[in-house]
Amino acid sequence: MREKKYQAEQRRLTVNRLRHKLRKFELVPTAGEAVPSGFEAIDACLSPHHGLLRGGLHEICAAKTGDFASAAGFGAHLAAQFADGNAVVSGQTRQSVGEHGRPYALALPTVGLIRQQLIHINGADLPDLLWATEEALGCPAVGCVVLMSLEQAPDFTASRRLSMACRAVGRPLVLVLGAEAGQASTAATTRWQISAAPHNSWQVRLQRLRGSFKRPPPMAGWQVFPWRETLPVSDDTVSDNTTPESVSVHATAAYGS
Amino acid sequence: MPQSTPHVPPQVPVLPALDTAPTGRRIVAIWFPHWLSEIVMPAEKRDAPFVLAEHQRGTQRLAAVNIAAEACGLYTGMALADARALVPDMHIEMLDPAWGVAALDKCARWLRRYTPWVGADTHPDSHGLLLDISGCAHLFGGERRMLDDMRARFNRRGITCCIAVADTIGSAWALAHYGPDSLIIAPSGHGADAVMDLPPGALRLPEDACDLCRRLGLDSVAALAAFPRTSLTRRFGPYPVMRLEQALGQAGEMLNPCVPAPEFIVRENLAQGITQLDVIASLTQNMCATLAAKLFAAGQGATRLDLVLTRADNEMQALSVRLAAPSAEADHLARLLATRLERMSRGFDAGCGVETLCLAASATADVITPQAPLTLGHKAFKAPPVAVLASLFDRLAGRLGPQVVVRPVVHASHIPEHAVGYRPVHAAPLSGEADDAGLSTATAPEPQTRPLFMLCAPEPIEVIAEIPEGAPYRFRWRRVLHEVARAQGPERISPEWWPSARRHNSLTRDYFRVEDRNGCRFWIYRDGLYGRETGRVRWFMHGVFP
């Protein structure tokens with residue numbers, strides 16, 4: 001009888017220990033690691049600490065061919081949240097440079113970045129960019145890395161490697177993919193689908209949220225108005241621009257479910 | 001003895017001049033006849049007689065005289081006491097032999113604006129420089145213009161110079177020192193003809209050989225050249241004959257460029273040639289440690305590294321690495337070189353083995369060690385971690401290429417594509433602050449009015465607009481038709497009239513921000529004002545908004 005009790009106790013302890021280990025494997029942010037996305041309605045959905053995991057790979061894909069710029073805008077906005085004034089390394093594949101050109105420095109404040117933050121890798125092959133991403137993730141002065149690829153996504157192994165690198169150093173990678181590249185499966189912590197919506201807004205869908213205690217409703221979606229029409233933005237007020245107060249979520253409507 | 005009368009045989013087999021045309025070598029010789037006096041004397045006192053004196057064989061003798069003193073009858077080598085008797089009120093200064101050499105070295109560096117190949121004149125008692133200008137003259141509009149420019153710049157500094165250009169070092173030197181004019185251009189391929197009339201001293205002969213020529217009645221180069229070489233050699237020895245042949249282009253002569261030797265250099269000579277690149281890499285790592293220690297001791301950091309691998313058959317392979325910020329960290333330097341060696345491995349041919357490795361920090365700068373922040377009662381200031389970022393830049397630029405890793409810079413221009421540029425991280429200041437002095441916040445456009453992505457070049461689009469001056473109604477870009485749902489504009493940007501060279505398309509642009517029915521936003525513009533600047537307006541896509 002006593003032995004049985006002892007065994008049960010042991011089993012419970014083992015299960016607890018394994019659970020603890022699992023939690024480590026699962027990418028659940030602790031309070032210090034959660035970074036708010038900048039949109040209140042979205043943050044409300046991100047349990048338990050209402051933020052995105054700092055040491056994670058966040059994948060943002062365009063819904064349609066024409067939505068790459070919107071996806072990149074959302075990605076840059078997240079990067080600004082993560083970087084918090086530190087340097088942002090952005091990399092662009094050659095194809096993407098040919099298709100959309102390069103980020104325009106004078107427009108960076110609209111997504112909450114200032115150009116002094118930006119270090120840009122202007123057109124390289126994807127393998128080179130992946131290498132550069134890993135190097136940049138290892139640099140303590142870098143706040144966030146953004147990787148933009150239009151037609152080619154890193155394969156699962158590569159993304160798993162990057163995801164683990166992010167986890168190890170506690171720095172985020174924002175992977176912006178075009179509609180064609182977005183079909184591939186990657187080991188991302190979160191996956192967002194962005195499409196441009198009328199009236200200067202984005203349609204945001206959260207397609208995957210790994211390691212969340214409370215799963216988001218399937219196909220959680222929002223229509224996000226990142227800018228008020230008359231929002232004074234200059235280099236000095238950039239940091240204000242990215243705070244949740246000044247970024248309004250105009251309407252919160254769940255698509256599907 | 002009279003038996004050696006200069007008897008010129010009529011048919012002497014004259015060696016044909018080496019064919020200089022294919023190589024096209026052109027040498028400039030510059031001679032500064034009053035170098036010492038002119039560099040020591042301030043320019044405004046040039047008119048007064050001025051001499052430099054030095055101790056020579058127990059007496060004080062004149063080492064250099066300026067033009068005014070020369071006109072009074074003073075000459076180099078004259079006893080100072082005699083000179084004083086002739087010109088009592090002259091200005092005298094004692095000579096420091098280091099002056100002339102140092103100034104000449106400085107001058108040689110300056111002359112590298114004309115050609116990278118500048119060498120010192122090896123002749124004693126002559127202050128001069130030699131320049132190999134092969135393939136450089138056209139950059140200055142031809143030899144005449146180049147030399148005129150050179151002479152004008154020297155004259156402006158009050159320095160007298162005699163300049164000559166010819167196919168060989170010997171003939172150029174001869175024309176500069178003994179030529180009839182202070183600027184002589186010997187036509188290519190005929191340099192030997194120009195020196196024929198000059199005295200034998202023009203061949204850079206030692207004093208005793210010149211004396212012998214004089215005694216033999218050989219008063220010109222032509223007279224010397226007419227002799228068979230064997231008899232000349234018998235009488236003068238091999239050296240004057242070599243000089244003669246060098247002047248005539250029948251023997252080669254090298255010009256040694258005076259390149260400043262790198263101060264921080266590590267050399268590794270191996271007993272046996274090595275062929276494995278990984279061994280080279282590990283050797284390089286050790287050398288980096290030595291180099292870094294040298295740099296650190298001097299308070300310097302390398303901004304450029306050069307590694308030269310010399311094979312046993314004297315083939316050399318070089319690679320160089322640039323750094324964003326001066327660094328004296330052995331690990332960092334080694335890692336950069338390892339990246340480059342790894343990349344080189346594809347085209348590397350060790351041949352019979354690398355015997356010598358030479359690692360030099362060819363450009364260095366002071367390392368500024370940041371002071372630790374003082375935290376007494378204050379919140380610690382978060383300084384930008386320049387060194388950390390710099391090492392990242394070096395690694396990225398080392399593999400991806402220096403032109404690929406860039407930072408945005410802003411220029412004072414209204415034309416959107418000229419207002420923003422990208423500069424390689426090695427060229428841009430690391431702090432990123434001091435680069436937008438020309439841009440005031442008043443003229444900077446509102447960020448919302450600019451697209452997040454700007455196309456590399458504006459792309460023409462087909463537009464249907466209701467009126468020529470109005471916003472588009474629908475447009476086709478890259479074969480996709482977009483129905484415009486909303487449009488904002490126009491924002492009129494006039495061409496900049498102040499740049500001297502008119503830009504390629506200098507028409508007024510009217511920019512519109514348009515949103516299509518899907519919500520995609522574009523930045524398009526109409527090139528030219530309808531009816532005023534152009535009869536047929538053209539539309540362009542210039543960027544996409546997020």
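Two strands count as paired if DSSP finds at least two bridges between them. The exercises below apply this to a predicted model.

**Exercise 1. Determine in which sense β7 and β8 of chain B pair, and find the bridge partner of Ala164(B) in β8(B).**

Step 1. Strand β7 covers residues 162–166 of chain B, and its pairing with β8(B) runs in the parallel sense over 3 bridges. The bridge partner of Ala164(B) within β8(B) is Ile184(B).

Step 2. Taking in the whole sheet, one finds 5 strands in the order β5-β6-β1-β7-β8 of chain B, forming an open sheet whose pairing is mixed. The edges are held by β5 (118–120) and β8 (183–185) of chain B, each of which has a single partner strand, so one side of each is left without a neighbour in the sheet. From one strand to the next, the twist averages 15 degrees.

Step 3. Helix α5, made of residues 143–156 of chain B, lies across β1 (27–31), β6 (128–132), β7 and β8 of chain B, and runs at about 165 degrees to β8(B).

**Exercise 2. Describe the pairing of β9 and β10 in chain A, and locate the residue with a positive phi in the turn.**

Step 1. Strand β9 (residues 190–197) and strand β10 (residues 201–209) of chain A pair in the antiparallel sense, over 8 bridges. One of the positions to look up is Gln193(A), whose bridge partner in β10(A) is Arg205(A).

Step 2. The two strands, β9(A) and β10(A), form a hairpin with 3 residues between them, and in the turn His199(A) has a positive phi of about 60 degrees.

Step 3. Looking at the loop between β8 (173–177) and β9 of chain A, one finds Thr186(A). With a relative accessibility of 2%, Thr186(A) counts as buried, the cut-off being under 20%. Apart from neighbours within four places in sequence, Thr186(A) is in contact with Glu59(A), Pro154(A), Phe156(A), Ser159(A) and Arg208(A).

**Exercise 3. Decide whether Leu224(B) is buried or exposed, and work out what surrounds it.**

Step 1. Leu224(B) belongs to helix α9, residues 221–225 of chain B. Its relative accessibility is 4%, so Leu224(B) counts as buried.

Step 2. When neighbours within four places in sequence are set aside, the contacts of Leu224(B) are Pro200(B), Leu203(B), Cys213(B), Leu218(B), Leu232(B), Phe236(B) and Leu244(B).

Step 3. The last of these contacts, Leu244(B), is among the buried residues of α11(B), as are Val241(B) and Leu248(B). Between Leu224(B) and Val241(B) there are 9.1 Å in space, C-alpha to C-alpha, and they are 17 residues apart in sequence.

Step 4. Helix α11 (residues 238–248) of chain B is mostly covered, with 8 of its 11 residues buried. Just after α11(B) comes Gly249(B), which takes a positive phi of about 80 degrees.

**Exercise 4. Identify the residues that touch the most other members of the largest nonpolar core, and the helix that gives the most to this core.**

Step 1. The largest nonpolar core has 58 residues, and those touching the most other members are Phe74(A), Trp192(A), Val204(A), Trp222(A) and Phe522(B). Helix α3 (residues 68–83) of chain A gives the most to this core, with 11 residues.

Step 2. Beyond residues up to four places away in sequence, Phe522(B) touches a set of chain B residues including Phe475(B), Trp477(B), Phe512(B), Met541(B) and Phe545(B).

Step 3. There is also a second, separate core of 40 residues, which includes Leu57(A), Ile119(A), Leu129(A) and Ala181(A).

**Exercise 5. Set out how much of each chain is buried, and find where pLDDT stays under 50 in chain B.**

Step 1. Chain A has 257 residues, of which 58% count as buried, and it holds 7 helices and 11 strands. Chain B has 546 residues, 45% of them buried, with 15 helices and 20 strands.

Step 2. Chain A exposes about 11100 Å², with 53% supplied by carbon and sulfur atoms, while the accessible surface of chain B comes to about 29000 Å², 54% of it belonging to those atoms.

Step 3. The average pLDDT of chain B is 80, and 87% of the residues score at least 70. It stays under 50 over residues 375–384 of chain B, for which the model has 2 contacts beyond four places in sequence, and also over residues 431–438 of chain B, for which there are 10 such contacts.

Note on methods: Residues are numbered from 1 along each chain as its sequence is written. Chains are lettered from A and ligands numbered from 1 in the order in which they are written. This is a predicted model: local features need pLDDT of at least 70, side-chain atom pairs count only at pLDDT 80 or more; totals for chains, interfaces and linings use all residues. Side-chain values use heavy atoms; hydrogens and water are left out. Helices (H or I, at least four residues) and strands (E, at least two) are DSSP runs, numbered from the N terminus. Buried means under 20% relative accessible area, exposed over 50%, partly exposed in between (1.4 Å probe, protein chains only). Accessible areas come from the Shrake-Rupley method with a 1.4 Å probe; for residues, only the protein chains shown count as cover. pLDDT is the predictor's confidence in each residue, from 0 to 100. Contact means heavy atoms within 4.5 Å. Axes are lines fitted to C-alpha atoms, for helices over the stretch in contact, and angles run from 0 to 180 degrees between N-to-C directions. A nonpolar core is a set of buried Ala, Val, Leu, Ile, Met, Phe, Trp, Tyr and Cys residues joined through side-chain atoms within 4.5 Å.
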